[in-house]
Amino acid sequence: MAMEAGQKAYAGQDYDMAIQQAKVALANKSADEAAMKLKNDAQARQQVENAAQAERDREYQAAMEAGQKAYGLKAYDTVIKQADVALANKAGDAAAAKLKNEAQARKTEIAVQAERERKYRGDGGGREGLRP
């Protein structure tokens, strides 16, 4: 019963549960090769998953730091790119989404202000902003 539950957990990538169930099976039959293999395989997969998660966490943190620094420098395109990297490594992260949204809003504000100034100076090619 424990082996069946452990194999099901392993197939579902729930390695903690697979290890736990393999240990239960080994407690009942200490030399069970299938239980030992399940436990070893699950532990190996868990180590790979943990290493991959640690790398995603490092990439997220580096992107957030770079994005925040770029925000301070008003380099909003860079902020948006770094926030996208952060979101790729930590989907749905509120801090990265907020950073991106704020940078996009600042870019929009700057574009609107530039357009107003262009029209005021009369660089629009039309009649708006022309001074008599």
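A search of the whole structure, which is a predicted model, turns up nine salt bridges. Three of the pairs are worth walking through, and helix H3, made of residues 33-72, is a handy place to start. Here Lys37 pairs up with Asp41 in a salt bridge, with 2.6 Å between the closest N and O atoms. The two residues sit four places apart in H3, so about one helical turn separates them. As for its surroundings, Asp41 is partly exposed, at a relative accessible area of 27%.

Further along H3 comes another such pair. Glu55 and Arg58 form a salt bridge whose closest N and O atoms are 2.8 Å apart. The spacing in this case is three residues, and again about one helical turn lies between Glu55 and Arg58. Glu55 is partly exposed, with a relative accessible area of 33%. There is a simple bit of helix geometry behind spacings of this kind: an α-helix has 3.6 residues a turn, so residues three or four places apart point the same way.

Helix H5, covering residues 94-121, supplies the next example. The side chains of Arg118 and Glu115 meet there in a salt bridge, at 2.2 Å from N to O. A polar contact of 2.2 Å also joins these two side chains. With three residues from one to the other in H5, Arg118 and Glu115 are about one helical turn apart. Both partners are partly exposed: Arg118 has a relative accessible area of 24%, while Glu115 comes in at 30%. This pair belongs to a wider arrangement, in which salt bridges link Glu115, Arg118 and Lys119 into a network. Arg118 also gives a feel for distances in the model, as its C-alpha atom lies 72 Å from that of Lys23, a residue 95 places away along the chain.

Stepping back, what is the chain built from? Its secondary structure amounts to five helices and zero strands. Read from the N terminus, the order of elements is simply α-α-α-α-α. The overall dimensions tell their own story. Along its principal axes, the C-alpha trace spans about 95 × 25 × 20 Å. The radius of gyration is 27 Å, whereas a compact globule of 132 residues would have one near 14 Å.

How much of the chain is buried? Of the 132 residues, 24% fall into the buried class. The accessible surface adds up to about 9,200 Å², and carbon and sulfur atoms account for 51% of that area. Contacts across the sequence were looked at as well. Taking those between residues at least 6 apart in sequence, 46% join residues that are at least 24 apart.

Helix H4 shows how buried residues fit into this picture. The helix takes in residues 76-89, which makes 14 residues, and reaches 20 Å from its first C-alpha to its last. That is close to the 20 Å expected at 1.5 Å a residue. Which residues of H4 are buried? They are Tyr76, Val79, Ile80, Ala83, Ala86 and Asn89. These buried residues pack against H3 and H5, the two helices that hold the salt bridges described above: Lys37 with Asp41 in H3, Glu55 with Arg58 in H3, and Arg118 with Glu115 in H5.

Finally, the loops hold a couple of backbone oddities. As a rule, most residues other than glycine have a negative phi. Gln13 goes against that habit, with a positive phi of about 60 degrees although it is not a glycine. Where does Gln13 sit? Its place is the loop between helix H1 (2-11) and helix H2 (15-28). At 52% relative accessibility, Gln13 counts as exposed. Lys74 is another residue other than glycine with a positive phi, in this case near 60 degrees. Lys74 lies in the loop between H3 and H4. Is Lys74 buried or exposed? With a relative accessible area of 60%, Lys74 is exposed.

Notes
Residues numbered from 1 in each chain as written. Predicted model: local features only at pLDDT ≥ 70, side-chain atom pairs only at ≥ 80, totals over all residues. Heavy atoms only, no water. Salt bridge = Lys/Arg side-chain N within 4 Å of Asp/Glu carboxyl O. Buried < 20%, exposed > 50% of the residue type's maximum accessible area, 1.4 Å probe, protein only. Expected span 1.5 Å × (residues − 1). Contact = heavy atoms within 4.5 Å. Polar contact = N/O pair within 3.5 Å; in protein donor to acceptor, adjacent residues only side chain to side chain. Rg over C-alpha atoms; globule rule 2.2 N^0.38 Å. Areas by Shrake-Rupley, 256 points an atom, 1.4 Å probe, with all protein chains shown as cover.
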